[in-house]
Protein chains: 2
Amino acid sequence: MVTALETLIEALKRLPGVGQKSAQRMAYHLLQHDRDGAARLSLALRAAAEQIGHCRRCHTFSETEICSICADVSRDPALLCVVESPADQAALERTNSYRGYYFVLLGRVSPLDGVGTAQIGAAELLLRAAETGVAEVILACSFTAEGEATAHVLGEALRSRGIRATRLARGVPVGSELEYVDLGTIAHALVDRR
Amino acid sequence: MVTALETLIEALKRLPGVGQKSAQRMAYHLLQHDRDGAARLSLALRAAAEQIGHCRRCHTFSETEICSICADVSRDPALLCVVESPADQAALERTNSYRGYYFVLLGRVSPLDGVGTAQIGAAELLLRAAETGVAEVILACSFTAEGEATAHVLGEALRSRGIRATRLARGVPVGSELEYVDLGTIAHALVDRR
C-alpha cells in the first residue's frame with residue numbers, strides 16, 4: 001500500500017533539483033513544523049495551474065489575455081526581443097536596460113527531442129515581427145548548441161523577410177579575470193572588440 | 001497586486017533549502033513543463049495534511065491510530081529506541097539492525113526556543129518505558145549540544161525510575177581516514193575503545 005507520505009515524497013521529487021533525500025526532508029519538515037505552509041503550497045499550486053495561461057501576443061505566462069508588458073503602451077514598439085522562456089524574460093527585465101517588447105518561444109529547436117520551429121511558435125513570431133513599427137528583432141536565445149540553432153533558424157527566416165535580426169553580444173562576463181575565462185569566450189570577445 | 005505566480009513562488013520558498021532562485025525555477029518548470037506534476041503535488045500536500053497524524057503510542061507520523069511498527073508484534077518488546085524525529089527513525093529502520101520499538105520525541109530540549117521536556121513528550125516516554133517488558137531504552141538523540149542535553153535529561157529521569165538507559169556509540173565513522181576525522185570524535189573513540 002502506498003501511504004500519503006510516500007505519495008507526497010514522490011510528488012515533491014517532480015520539482016527540478018529535488019531528489020529522494022531532499023523530498024524526504026521537505027515532506028518531514030512540512031508535516032512536523034509547517035502544516036500551514038503545506039496548505040498554502042497546495043492552494044498556490046492549484047491556483048497557479050488554474051489561473052496562469054499564456055499571453056496571446058507574446059506567449060509569456062499571464063493571468064490576463066494580454067500580459068502587463070504587452071499592454072504597456074509606454075514601451076518602444078521598434079524593438080522586439082526573442083527569449084526562450086519566461087525566466088529568461090524576467091532576467092532581462094531585472095537588468096532595467098531594455099524598454100521594448102518581448103516574444104517568448106517557450107522552448108528551443110531540438111530535432112532530437114522532436115522540437116521544431118512549429119513547436120516554438122516561429123510562425124507567430126514572424127507575424128508579430130512583420131507588424132508595422134518593428135525595426136529590429138533581438139534574438140536573446142541562449143549561447144548553447146540548441147540556443148544557437150534556434151537563433152540561426154529564426155534569424156534566417158526574419159532576414160529573408162527583410163526584418164533586421166540581431167544577437168546579444170558575446171564576450172567576457174563582467175567581473176571575470178581573463179585568466180579564468182574559457183578560450184571560446186575570449187576568441188569571441190577578440191573578434192567582436194570595439 | 002500579488003499574482004498567482006508570485007504567490008506560488010512565496011509558497012515554494014517555505015520548503016527547506018529553497019530560496020528565491022530555486023523557487024522561481026521550480027514555479028517556471030511546473031508551469032512550463034509539468035502542469036500535471038503541479039496538480040499531483042497540490043493533491044498530495046492536501047492529502048498528507050489531512051490523513052497523516054501521529055501514532056498514539058510512539059508519536060511518529062501515521063495514518064492509523066497505531067503505526068505499523070508499534071502494531072508489529074514480532075518486534076522485541078525489551079528494546080525502546082528514543083529518536084528526535086520520524087526522519088531519524090527512518091534512518092535507523094534502513095540500517096536493518098534494530099528490531100525493537102521506537103518513541104519519537106518530535107523535537108529536542110532547547111531552552112532558548114522555549115522547548116522543554118513537556119513539549120517533547122517526556123512524561124509519555126516515562127510511562128511507555130515503565131511498561132512491563134521494557135528492559136532498555138536506547139537514547140538515539142543527535143550528538144549536538146541540544147541532542148546531548150535531551151539525552152542527558154531523559155537519561156537521568158529514566159535511571160531515577162530504575163530503567164536502564166543507553167546512548168548510541170560515538171566513534172570514527174565507517175569509511176573515514178583518521179587524518180580527516182575531528183579531534184573530539186577521535187578522543188571519544190579512544191575512550192570508548194573495545
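**The sheet of chain A**

Begin by selecting the strands of chain A in this predicted model: four of them, in the order S4-S3-S5-S6, make an open sheet with parallel pairing. Strand S4 (100–104) and strand S6 (165–167) of chain A form the edges, each pairing on one side only. From one strand to the next, the twist averages 30 degrees.

Next, display strand S5 (residues 136–139) of chain A together with S6(A); the two run parallel and are joined by 3 bridges. For a specific pair, label A:Val137, whose bridge partner in S6(A) is A:Ala165.

Now add the helices that pack on these strands. Helix H6 (residues 145–160) of chain A touches S3, S5 and S6 of chain A, and its direction makes about 160 degrees with that of S6(A). Helix H4 (residues 86–94) of chain A lies across strand S3 (76–83) and S4 of chain A, and runs at about 160 degrees to S4(A).

**The sheet of chain B**

Move to chain B and select its strands. Here too the text of the fold reads S4-S3-S5-S6: 4 strands in an open sheet, with parallel pairing. The edge strands of chain B are S4 and strand S6 (164–167), each of which pairs on one side only. In this sheet the twist averages 25 degrees from one strand to the next.

Centre the view on B:Leu80, which stands opposite B:Val137 in S5(B) and opposite B:Tyr101 in S4(B). The strand pairs around this point can then be traced in turn. S3(B) and S5(B) pair in the parallel sense over 4 bridges, while 5 bridges join S3(B) to S4(B), again running parallel. Colour S4(B) by accessibility: the strand is mostly covered, with 5 of its 5 residues buried. Then show H6(B), which lies across S3, S5 and S6 of chain B and runs at about 160 degrees to S6(B).

**Helix H5 of chain B**

Select helix H5 (residues 122–129) of chain B and show its side chains. Which residues of this helix are buried? They are B:Ala122, B:Leu125, B:Leu126, B:Arg128 and B:Ala129. Looking down the helix, one finds that these residues cover an arc of only 160 degrees around the axis, and they therefore lie on the same side of H5(B). The face turned away from that buried side carries the exposed residues B:Ala123 and B:Leu127. Among the elements covering the buried residues of H5(B) are strand S3 (76–83), strand S4 (100–104), strand S5 (136–139) and helix H6 (145–160) of chain B.

Within this helix, pause at B:Arg128. Is B:Arg128 buried or exposed? With a relative accessible area of 6%, B:Arg128 is buried. Leaving aside residues up to four places away in sequence, B:Arg128 touches B:Arg57, B:Leu80, B:Tyr101, B:Phe103 and B:Val134. B:Leu80 and B:Tyr101, both in that set of contacts, also stand opposite each other, B:Tyr101 being in S4(B).

**Helix H2 of chain B and its surroundings**

Select helix H2 (residues 20–33) of chain B and place a distance between its end C-alpha atoms. The distance is 20 Å, which agrees with the 20 Å that its 14 residues should span at 1.5 Å a residue. The residues to highlight as buried in H2(B) are B:Ala23, B:Gln24, B:Met26, B:Ala27, B:Tyr28, B:Leu30 and B:Leu31.

Show both chains to see what these residues pack against. From chain A come helix H2 (20–33), helix H3 (35–51), strand S2 (61–62) and H4, and from chain B come helix H1 (4–12) and helix H3 (35–51).

**B:Arg46 and the relation between the chains**

Continue to B:Arg46, which is placed in helix H3 of chain B. B:Arg46 counts as partly exposed because its relative accessibility is 39%. Apart from residues up to four places away in sequence, B:Arg46 touches A:Ser42 and A:Arg46. A second distance can be drawn from B:Arg46 to B:Ala165: their C-alpha atoms are 39 Å apart, and the two residues are separated by 119 residues along the chain.

Finally, view the two chains together. A turn of 180 degrees, with a shift of 0.0 Å along the axis, lays chain A on chain B with an RMSD of 0.0 Å. The two copies are thus related as by a two-fold rotation axis. To locate that axis, select A:Ser42, whose C-alpha is the nearest to it in chain A, at 2.1 Å. The same surface serves both copies, since 100% of the contact residues of chain A recur in chain B.

Note on methods
Residues numbered from 1 in each chain as written. Chains lettered and ligands numbered in written order. Predicted model: local features only at pLDDT ≥ 70, side-chain atom pairs only at ≥ 80, totals over all residues. Heavy atoms only, no water. Least-squares fit on C-alpha atoms with pLDDT ≥ 70 in both. Contact = heavy atoms within 4.5 Å. Pairing = 2+ DSSP bridges. Axes fitted to C-alpha atoms, helices over the stretch in contact; angles between N-to-C directions. Buried < 20%, exposed > 50% of the residue type's maximum accessible area, 1.4 Å probe, protein only. Arc of directions from axis to C-beta. Expected span 1.5 Å × (residues − 1).
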